[in-house]
Amino acid sequence: MSDDLLLTQAAFDRLMAELTQLMTVERGLISRKIQEAREEGDLKENGGYHAAKEEQGKLESRINRLQNMLGNAEIGEADPSDGVVKQGLVVSCNLNGSPMEFYLGSNEVFDGTEFQAKIDEGDLDVYSPDSPIGKAVMGQKVGSSVSFNAPNGKEIAVEISGLKNFNF
């Protein structure tokens, strides 16, 4: 498996639909807002113009993010049966002696799904493979013990106890 973002087909399709909507509909709407605000005259003190330009910047940022994600996406599901931690899996572990489960991957995989509620309610944490804990556990086997330094400098011990798929 490569370092690409692992997405299920459903997550890929959902993100592709969002990208299409942003590029084909939302861009046009914002362009019209900017044009209408320009027609009002003096741009220095035109709040509508500045708000529309800010909205345009956020839209273009999201479009770029989605294009990057989808351009580097690998479609499939991680296989937990080999006992090796990889993105796309829910990792069960003991974190400094306390049991914990987290999804290793991108939070954006869940955007707009019923599973987002589980994340929002704190039932499931999501960590990027590039996060300190993600880097520490990626490629490790069930039963392995590793540690990493948290952003505050504190050393955190992790014992990997299980892996499973998070079904969408």
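## Starting from Val91

At a relative accessibility of 0%, Val91 counts as buried. This valine sits in strand β3, and it makes a good entry point to the model, which is a predicted one. Setting aside neighbours within four places in sequence, Val91 touches Val85, Met100, Glu101, Phe102, Leu104, Ile160, Gly162 and Leu163. The chain also brings Val91 and Ser161 to a C-alpha separation of 7.7 Å, although their positions lie 70 residues apart along the sequence.

Val85 appears in that list of contacts, and Val85 has a list of its own. With neighbours within four places again left out, the partners of Val85 are Val91, Leu104, Val137, Met138, Gly139, Gln140, Ile160 and Leu163.

## The overall layout

Let us step back to the whole protein. There are 4 helices and 7 strands, and from the N terminus on they follow the order β-α-α-β-β-β-α-β-α-β-β. Of the 168 residues, 37% are buried.

How much of the contact total with a separation of 6 or more comes from residues 24 or more positions apart? Such pairs account for 59% of those contacts. On the outside, the protein exposes about 9500 Å², and carbon and sulfur atoms supply 47% of that area.

## Two nonpolar cores

In soluble globular proteins, nonpolar side chains tend to be buried together. Here the largest nonpolar core holds 19 residues. Val85, Val91, Phe102, Val137 and Val158 are the members with the most contacts inside this core. Two or more residues come from each of β3 (89-95), β4, α4 (132-137), β6 (145-149) and β7 (155-165). Which element gives the largest share? That is β7, with 4 residues.

A second core, separate from the one just described, has 17 residues. Among them are Phe12, Ala37, Ile63 and Leu66.

## One aromatic pair

Searching the whole structure for aromatic pairs turns up 1. Its rings belong to Phe102 and Tyr127; their centres are 5.2 Å apart and their planes meet at 85°, so the pair is edge-to-face. Phe102 belongs to strand β4 (residues 98-104) and Tyr127 to strand β5 (residues 125-127), so the pair ties together parts of the chain 25 residues apart in sequence.

Are the two partners buried or exposed? Phe102 is buried, with a relative accessible area of 0%, while Tyr127 counts as partly exposed at 27% relative accessibility. Phe102 is a residue we have already met, as one of those with the most contacts inside the largest core and as a contact of Val91.

## Salt bridges between and within helices

The count of salt bridges comes to 6. One of them joins the side chains of Arg27 and Glu60, at 2.8 Å from N to O. Arg27 is in helix α1 (residues 9-38) and Glu60 in helix α2 (residues 47-71), so this pair ties together parts that are 33 residues apart in sequence. Arg27 is partly exposed, with a relative accessible area of 30%, and Glu60 likewise counts as partly exposed at 24%.

Another salt bridge, between the side chains of Glu54 and Lys58, has an N to O distance of 3.5 Å. Where do these two residues sit relative to each other? They are 4 residues apart in helix α2, a separation of about one helical turn. Both Glu54 and Lys58 are exposed.

## A buried lysine in a loop

Lys86 is found in the loop between β2 (73-75) and β3. Is this lysine buried or exposed? With a relative accessibility of 14%, Lys86 counts as buried, because the cut-off for that class is under 20%.

What does the side chain of Lys86 reach? Lys86 and Asp82 form a salt bridge, with their closest N and O atoms 2.7 Å apart. The two side chains are also in polar contact at 2.7 Å. In addition, the Lys86 side chain reaches the backbone oxygen of Val84 at 3.2 Å. Asp82, for its part, is partly exposed, with a relative accessible area of 43%.

Key: Residues are numbered from 1 along each chain as its sequence is written. This is a predicted model: local features need pLDDT of at least 70, side-chain atom pairs count only at pLDDT 80 or more; totals for chains, interfaces and linings use all residues. Side-chain values use heavy atoms; hydrogens and water are left out. Rings of Phe, Tyr and Trp (its six-membered ring) pair if their centres lie within 6.5 Å; planes under 30 degrees apart count as stacked, over 60 as edge-to-face and the rest as tilted. Buried means under 20% relative accessible area, exposed over 50%, partly exposed in between (1.4 Å probe, protein chains only). A nonpolar core is a set of buried Ala, Val, Leu, Ile, Met, Phe, Trp, Tyr and Cys residues joined through side-chain atoms within 4.5 Å. Contact means heavy atoms within 4.5 Å. Accessible areas come from the Shrake-Rupley method with a 1.4 Å probe; for residues, only the protein chains shown count as cover. A polar contact is a pair of N or O atoms within 3.5 Å; within protein, one must be able to donate a hydrogen and the other to accept it, and residues adjacent in sequence count only if both atoms are side-chain atoms. A salt bridge is a side-chain nitrogen of Lys or Arg within 4 Å of a carboxyl oxygen of Asp or Glu.
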